[in-house]
Amino acid sequence: MAKFEKHIFICTNQRPDGNPRSCCNPSGNAELHRAFKEKLSARGIPGDKVRANKAGCLEQCEVGPTVVVYPDAVWYGGVTPADVDEIIDSHIVGGRLVERLIIPDSVLNNTQKK
Ligand code: FES
């Protein structure tokens, strides 16, 4: 099997209400992951080319909901289901990053120190 062209990891970690770190999936329903799956499928993008996987905590909780796209290693924060069309059309299909959602390098892996 060929490698995936894009591999999208969507944090679906859930924490209890009131947790100081918050979480990316407060409802527990993984709506964001489902939106990626449905919208990729609706565009006819095969799962052996672009894969959207549930992920556990990606350690960017404070700027989540968090999504990372490989092999580009582009991290998106504050992602909602309403952003999924833009991420797919611009980045996954078009190769143009969605700058407004990118977690800056200065924040990435540094969120617990904020
Ligand atoms: S809970 Fe999503 S990055 Fe930690």
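This is a short chat about one helix and one sheet in a predicted model.

Q: What kind of model is this, and how are residues numbered?
A: Residues are numbered from 1 along each chain as its sequence is written. The model is predicted: local features need pLDDT of at least 70, side-chain atom pairs count only at pLDDT 80 or more, and totals for chains, interfaces and linings use all residues.

Q: OK, what is the span of α1?
A: Helix α1 covers residues 31-42, so named because helices (H or I, at least four residues) and strands (E, at least two) are DSSP runs numbered from the N terminus. Its 12 residues reach 16 Å from first C-alpha to last, close to the 16 Å expected at 1.5 Å a residue. The expected span is 1.5 Å times one less than the number of residues.

Q: Which residues of α1 are buried?
A: Leu32, His33, Ala35, Phe36 and Leu40. Buried means 20 or more other C-beta atoms within 10 Å of the residue's own, exposed means 12 or fewer, and partly exposed is in between, with C-beta atoms placed from the backbone.

Q: Why are they on the same side of α1?
A: Because they cover an arc of only 160° around the axis. The arc is that of the directions from the helix axis to the C-beta atoms.

Q: And which exposed residues are on the face turned away?
A: Ser41 and Ala42.

Q: What do the buried residues pack against?
A: They pack against β1 (6-11), β2 (50-55) and α2 (84-93). Two residues are in contact if their C-beta atoms, placed from the backbone, lie within 7 Å.

Q: Switching to the sheet: what is the strand order?
A: The order is β2-β1-β3-β4, in an open sheet of four strands with mixed pairing. Two strands pair if DSSP finds at least two bridges between them. The edge strands are β2 and β4, each pairing on one side only.

Q: How does α1 sit on it?
A: α1 packs on the sheet, touching β1 and β2, and its direction makes about 165° with that of β2. Axes are lines fitted to C-alpha atoms, for helices over the stretch in contact, and angles run from 0 to 180 degrees between N-to-C directions.

Q: How many bridges join β1 and β3?
A: Four, in the antiparallel sense, with β3 at residues 67-70. Tyr70 in β3 is the bridge partner of His7, and Val68 is that of Phe9.

Q: What about β3 and β4?
A: They pair in the antiparallel sense over three bridges, β4 being residues 74-76. Val69 stands opposite Val74.

Q: Which residue in that hairpin has a positive phi?
A: Ala73, near 55°; the hairpin has three residues between the strands.
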